[in-house]
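This report describes selected features of a single protein chain for a reader at the bench. The sequence and structure are shown first, and the account follows.

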Amino acid sequence: MSRILLVDDDPKLRTMLSTFLKRAGFGIASQAADGAEALGMMQGVELVITDCQMPNMDGITFVRTLRAQGQAMPVIMLSGQNDPGLIQTALMAGVNQYIEKPLKPLSLIETIRGLMQDRQAIAA
């Protein structure tokens with residue numbers, strides 16, 4: 001079972017995502033309100049789903065910090081913005097997949113499964 005860290009400043013969205021992902025068979029490692037809080041929760045995390053715009057530490061800074069620490073798990077970034085420059089910045093920071101809000105739940109599940117399969121294939 002994949003252990004996912006949810007990082008978003010909207011507690012309702014985190015709760016909804018957590019419930020949905022658990023029903024789909026995924027494990028939720030933890031939840032954080034911003035990147036700074038999430039950095040202390042990385043133990044055992046296999047995949048991160050993070051918002052882009054958050055207080056204290058935004059998603060791009062969070063991902064850059066993860067990558068600088070040598071953390072290689074897949075990262076999905078969620079954002080309400082469809083700005084090509086922002087998407088490019090996120091991908092260059094180390095985001096594996098950029099998904100616009102509102103989320104399409106089944107598409108999110110397919111993305112998670114694909115990233116986890118890719119990770120397992122690389123590890124094999």
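A polar contact is a pair of N or O atoms within 3.5 Å; within protein, one atom must be able to donate a hydrogen and the other to accept it, and residues adjacent in sequence count only if both atoms are side-chain atoms. The model is a predicted one, in which local features need pLDDT of at least 70 and side-chain atom pairs count only at pLDDT 80 or more, while totals for chains, interfaces and linings use all residues. Residues are numbered from 1 along each chain as its sequence is written, and side-chain values use heavy atoms, with hydrogens and water left out.

**Asp 8 and its surroundings**

The side chains of Asp 8 and Lys 101 are joined by a polar contact of 3.4 Å. Asp 8 lies in the loop between β1 (3–7) and α1 (11–23); helices (H or I, at least four residues) and strands (E, at least two) are DSSP runs, numbered from the N terminus. With a relative accessible area of 4%, Asp 8 is buried, where buried means under 20% relative accessible area, exposed over 50% and partly exposed in between (1.4 Å probe, protein chains only). Contact means heavy atoms within 4.5 Å. Not counting residues up to four places away in sequence, Asp 8 touches Leu 13, Arg 14, Ala 32, Ala 33, Asp 51, Met 54 and Lys 101. The peptide bond from Lys 101 to Pro 102 is cis, with omega near 0°, and Pro 102 belongs to the loop between β5 and α5 (105–123).

**Four residues and their accessibility**

The table lists further residues with their places and relative accessible areas.

| Residue | Place | Relative accessible area |
|---|---|---|
| Thr 50 | strand β3 | 0%, buried |
| Met 41 | loop between α2 and β3 | 22%, partly exposed |
| Arg 64 | helix α3 | 46%, partly exposed |
| Asn 56 | loop between β3 and α3 | 71%, exposed |

Not counting residues up to four places away in sequence, Thr 50 touches Val 7, Gly 59, Phe 62, Val 63, Val 75, Ile 76, Met 77 and Leu 78. With the same sequence neighbours left out, Met 41 touches Leu 5, Ser 30, Gln 31 and Ala 32. The C-alpha atoms of Met 41 and Asp 8 are separated by 14 Å, and the two residues are 33 residues apart along the chain. Asn 56 has a positive phi, near 65°, although it is a residue other than glycine.

**Helix α3**

At the start of α3, a side-chain oxygen of Asp 58 reaches to within 2.9 Å of the backbone nitrogen of Ile 60. The buried residues of this helix are Gly 59, Ile 60, Phe 62, Val 63 and Leu 66. Seen down the axis of α3, they fall within an arc of 160°, so they line one face of the helix; the arc is that of the directions from the helix axis to the C-beta atoms. The cover over the buried residues of α3 includes β1, α2 (35–38), β3 (47–51), β4 and α4. Gly 70, which follows α3, has a positive phi near 85°.

**Helix α4**

Asp 83 is placed at the start of α4, where one of its side-chain oxygens reaches to within 3.0 Å of the backbone nitrogen of Gly 85. In α4 (residues 84–93), Leu 86, Ile 87, Ala 90 and Ala 93 are buried. These residues cover an arc of only 125° around the axis, which puts them on the same side of α4. An α-helix has 3.6 residues a turn, so residues three or four places apart point the same way. On the other side of α4, Pro 84 and Met 92 are exposed. The buried residues of α4 are covered by elements including α3 (59–68), β4 (75–79) and β5 (97–100). Just after α4, Gly 94 takes a positive phi of about 120°.

**How α3 and α4 pack**

How do the axes of α3 and α4 cross? They come within 9 Å and cross at roughly 20°; axes are lines fitted to C-alpha atoms, for helices over the stretch in contact, and angles run from 0 to 180 degrees between N-to-C directions. The two helices α3 and α4 are therefore roughly parallel to each other, the term for angles under 35 degrees, whereas those over 145 count as roughly antiparallel, 65 to 115 as roughly perpendicular and the rest as oblique. Ile 60, Val 63, Arg 64 and Arg 67 of α3 make the contact with Leu 86, Thr 89, Ala 90 and Ala 93 of α4. Leaving aside neighbours within four places in sequence, Arg 64 is in contact with Thr 89 and Ala 93. The C-alpha atoms of Arg 64 and Ala 93 are separated by 5.2 Å, and these residues are 29 residues apart along the chain.
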